[in-house]
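Student: I would like a close look at a single part of this structure. Please take one helix and go through what surrounds it.

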Amino acid sequence: MKWRKISGGTRSDLGKDCRDGFASLKKTCRKLGISFWDDLGDRIKQLGTVPLLPDLIRERAQAASATP
């Protein structure tokens, strides 16, 4: 029997970019207090029930700059 080393990484640059992109989205969702999986499912199914992340970021930035 031959043992193979299994790693959690990817072999291609595209795979690494994809993994990094999803990690960034997950972190952004966590900071905004929304579920990453709800956001992802909403985007894939094109339901429009979860606000778009750029819109949420803009709203929070405006609210933060408006408060003294």
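Tutor: A residue is called buried when its relative accessible area is under 20%, exposed when that value is over 50%, and partly exposed in between. The model is a predicted one, and the part chosen here is helix α2, residues 36-45.

Start with the inward side. In α2 the buried residues are Phe36, Asp39 and Asp42. Viewed down the helix axis, these buried residues fall within an arc of 135 degrees, so they line one face of α2. Their packing partners are α1 and α3. On the other side of the helix, Trp37, Asp38, Ile44 and Lys45 are exposed.

Next come the two ends. At the N-terminal end, Ser35 acts as a cap for α2: one of its side-chain oxygens lies 3.3 Å from the backbone nitrogen of Trp37. Just after α2, Gln46 has a positive phi of about 55 degrees.

Phe36 deserves a longer look. Its relative accessibility is 10%, so Phe36 counts as buried. Phe36 also belongs to the largest nonpolar core, a set of five residues whose other members are Cys29, Leu32, Leu53 and Leu56. The elements that contribute two or more residues to this core are α1 (13-32) and α3 (53-66). Leu32, one of the core residues, is in contact with Leu53, Leu56, Ile57 and Arg60, once neighbours within four places in sequence are set aside.

The aromatic rings come last. A pair of aromatic rings is described by how far apart the centres are and by the angle between the planes. There are two aromatic pairs. In one of them, the ring centres of Phe22 and Phe36 are 6.2 Å apart and the planes stand at 85 degrees; since an angle over 60 counts as edge-to-face, that is the label for this pair. Phe22 sits in α1 and Phe36 in α2, so the pair ties together parts 14 residues apart in sequence. Phe22 has 37% relative accessibility and therefore counts as partly exposed.

Phe36 also pairs with Trp37, again edge-to-face, with 5.0 Å from centre to centre and 75 degrees between the planes. Trp37, at 61% relative accessibility, counts as exposed. Phe22, Phe36 and Trp37 together make up one aromatic cluster.

To put the pieces together: Phe36 is one of the buried residues of α2, a member of the largest nonpolar core and part of the aromatic cluster with Phe22 and Trp37.

Methods: Residues numbered from 1 in each chain as written. Predicted model: local features only at pLDDT ≥ 70, side-chain atom pairs only at ≥ 80, totals over all residues. Heavy atoms only, no water. Core = buried A, V, L, I, M, F, W, Y, C linked by side-chain atoms within 4.5 Å. Buried < 20%, exposed > 50% of the residue type's maximum accessible area, 1.4 Å probe, protein only. Helix = DSSP H or I, 4+ residues; strand = E, 2+ residues; numbered from the N terminus. Contact = heavy atoms within 4.5 Å. Phe/Tyr/Trp six-rings, centres within 6.5 Å; stacked < 30°, edge-to-face > 60°. Arc of directions from axis to C-beta. Polar contact = N/O pair within 3.5 Å; in protein donor to acceptor, adjacent residues only side chain to side chain.
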